[in-house]
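Grab a pencil and open the viewer. Below are some exercises, each followed by a worked solution.

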Amino acid sequence: MDMSFFAPRYMDIGAGAASRIAVMLGRLGLNRPLIVTDPMMVKLGLIARVTEPLDRAGMVYTVFSETVPEPVDRVIEAGVRFAADLDIDCIVAFGGGSPIDTAKAINILLAAPEGTRMRTFKVPVVADTAALPLIAVPTTAGTGSEATRFTVITDTETDEKMLIGGLGALPLAAIVDFELSMSVPARTTADTGIDAFTHALEAFVSRRANPVSDSYARAALGLIGANLRAVYHEPDNVAAREAMMLGATLAGLAFSNASVALVHGMSRPIGAHFHVPHGLSNAMLLPAVTRYSLHAALPRYAEAARIAGFAEPEDADQLAGAKLVDELDTINFDLGVPTPEAFGIRRDDWYGRRAVMADQALASGSPANNPAVPDAAAIIGLYEAIY
Ligand code: NAD
């Protein structure tokens with residue numbers, strides 16, 4: 001079998017790993033980082049987990065903290081202008097998926113001719129070039145962006161959440177320290193946890209899965225399946241936070257290589273048009289899309305259910321698949337995931353945009369990786385079903 005596999009060169013994983021950031025930079029021959037983060041990391045003081053070790057090591061750094069949740073092209077361009085004339089030798093991306101994706105996108109544009117727009121790099125273009133080594137430090141568990149060769153940026157002129165992929169978006173290194181995630185609020189804990197589960201499941205059933213991505217997906221499904229509820233109901237549960245952080249990173253490695261599928265394809269337009277956080281729009285879709293796709297890869301879905309602990313080892317595929325869909329519905333209920341209607345989206349607005357959203361979902365390419373490949377009408381039907 002021919003396959004290629006992409007992963008960061010160096011990952012430091014575990015409690016307190018952030019305190020070793022200067023050691024990591026030193027081994028990589030780097031010492032003048034630009035730290036890209038969000039205002040919340042500064043307000044909460046969480047950023048000190050990386051700036052204090054850098055101070056102690058005498059490293060000079062600059063902070064760009066003007067990132068926004070679900071990053072948009074204008075903010076990327078502002079970051080490029082900020083970074084262009086700095087004396088820096090690397091980028092440290094610190095925060096949830098939004099600051100990490102922002103940092104990746106800034107890094108790609110920094111390597112392009114001045115004035116290049118973000119949309120130049122949207123798939124199917126391959127964004128293999130970035131300006132600087134990038135070290136990602138996630139504080140949510142999570143998007144897995146620290147381990148992926150993707151960044152997702154919204155085009156503010158077209159309201160399109162663009163997928164951008166290539167080696168230019170793959171961090172050189174990552175620090176995965178679950179202690180950074182202990183302060184994540186309940187809603188974000190649920191949304192990011194379901195996002196990570198979706199990555200693992202979509203990678204596992206993807207038409208582009210391979211034996212290496214499968215091994216990461218299996219490990220992630222087990223960790224996340226066993227800890228998703230605990231981490232939401234018991235925010236101080238250290239073992240659950242640790243398992244979720246590792247699970248999210250492993251799920252990132254899985255989908256970075258196997259790709260995501262229909263849930264993500266349909267989720268990005270919801271985020272772009274209605275400003276629903278990424279993990280939440282995935283959660284709204286996951287049970288219905290799994291129900292729709294089940295017949296096309298039943299043994300895979302059944303195995304995922306058993307690994308996640310949603311079905312018994314002795315359950316036949318049909319029963320295990322049914323239990324998976326039931327459990328995804330129950331998780332959404334238990335973790336307070338709203339429907340689009342309950343989220344506050346008006347019916348005429350949702351129905352008015354469903355055809356455009358279906359076109360954008362198909363254009364992203366992700367639905368083509370799904371076990372059951374939908375046409376526009378099927379996607380519109382799914383949007384209607386979840387409203
Ligand atoms: P986020 O980064 O937008 O953060 C959500 C909120 O949580 C923010 O207000 C943030 O300040 C806060 N927060 C983060 N860490 C915290 C902490 N430790 N304590 C308290 N508050 C904290 O959310 P996210 O779900 O991590 O990232 C979503 C983004 O990631 C989306 O733009 C999505 O498209 C993208 N994404 C990228 C990839 C990829 O491979 N590049 C994969 C999936 C999702």
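**Exercise 1. Aromatic rings**

Find out how many aromatic pairs the whole structure holds, and which residues ring pairs link into a cluster.

Solution. Keep in mind that you're looking at a predicted model. Start with the search of the whole structure: it turns up 8 aromatic pairs. Next, follow the ring pairs from residue to residue, and you'll see F274, W350, Y351, Y383 and Y387 joined into a cluster. While you're looking at rings, check F204 too: the charged end of R300 sits over its ring, 4.2 Å from the centre.

**Exercise 2. One side of a helix**

Work out which residues of helix α11 are buried, and why they end up on the same side.

Solution. Step one: walk along α11, which runs over residues 298-308, and pick out the buried ones, namely L298, Y301, A302, A304, A305 and A308. Step two: look at their directions around the axis; they cover an arc of only 160°, so they're on the same side of α11. Step three: ask what covers them. The cover includes α6 (186-205), α7 (211-233), α10 (278-293) and α12 (317-334). Finally, see what follows the helix: α11 is followed by G309, with a positive phi near 85°.

**Exercise 3. The overall build**

Count the helices and strands, then decide how compact the protein chain is for its length.

Solution. Counting gives 15 helices and 8 strands. The radius of gyration is 20 Å, and the globule rule gives 21 Å for 387 residues; those are close, so the chain is as compact as a globular protein of that length. Along the principal axes, the C-alpha trace spans about 60 × 45 × 45 Å. Now for burial: 59% of the 387 residues are buried. Then take the contacts with a separation of 6 or more: residues 24 or more positions apart account for 78% of them. As for the outside, the chain exposes about 14,700 Å², with carbon and sulfur atoms supplying 55% of that.

**Exercise 4. Two residues and their surroundings**

Is H199 buried or exposed? Answer that, then do the matching check for V184.

Solution. First, place H199: you'll find it in helix α6. Its relative accessible area is 2%, and buried means under 20%, so H199 is buried. Leaving aside neighbours within four places in sequence, its contacts are G142, T143, A251, F255, V260, H264 and H278.

Now go to V184, in the loop between β8 (173-176) and α6. At 13% relative accessibility, V184 counts as buried. With neighbours within four places again left aside, V184 is in contact with T139, T140, T189 and R241. One of these, T140, is 44 residues away in sequence, yet the C-alpha atoms of V184 and T140 are 6.9 Å apart.

**Exercise 5. Backbone oddities**

Which peptide bond is cis, and where do D159 and S259 lie?

Solution. Begin with the bond from V123 to P124: it's cis, with omega near 15°. P124 belongs to the loop between α5 (97-110) and β5 (134-138). Next comes D159, a residue other than glycine with a positive phi, near 55°. D159 is in the loop between β6 (150-155) and β7 (160-165), and at 30% relative accessibility it counts as partly exposed. Last, S259 isn't glycine either, and its phi is positive, near 75°. S259 sits in the loop between α8 (238-258) and α9 (262-274), and with a relative accessible area of 7% it's buried.

Terms used:
Residues numbered from 1 in each chain as written. Predicted model: local features only at pLDDT ≥ 70, side-chain atom pairs only at ≥ 80, totals over all residues. Heavy atoms only, no water. Phe/Tyr/Trp six-rings, centres within 6.5 Å; stacked < 30°, edge-to-face > 60°. Lys NZ or Arg CZ within 6 Å of the ring centre and 35° of its normal. Buried < 20%, exposed > 50% of the residue type's maximum accessible area, 1.4 Å probe, protein only. Helix = DSSP H or I, 4+ residues; strand = E, 2+ residues; numbered from the N terminus. Arc of directions from axis to C-beta. Contact = heavy atoms within 4.5 Å. Rg over C-alpha atoms; globule rule 2.2 N^0.38 Å. Areas by Shrake-Rupley, 256 points an atom, 1.4 Å probe, with all protein chains shown as cover.
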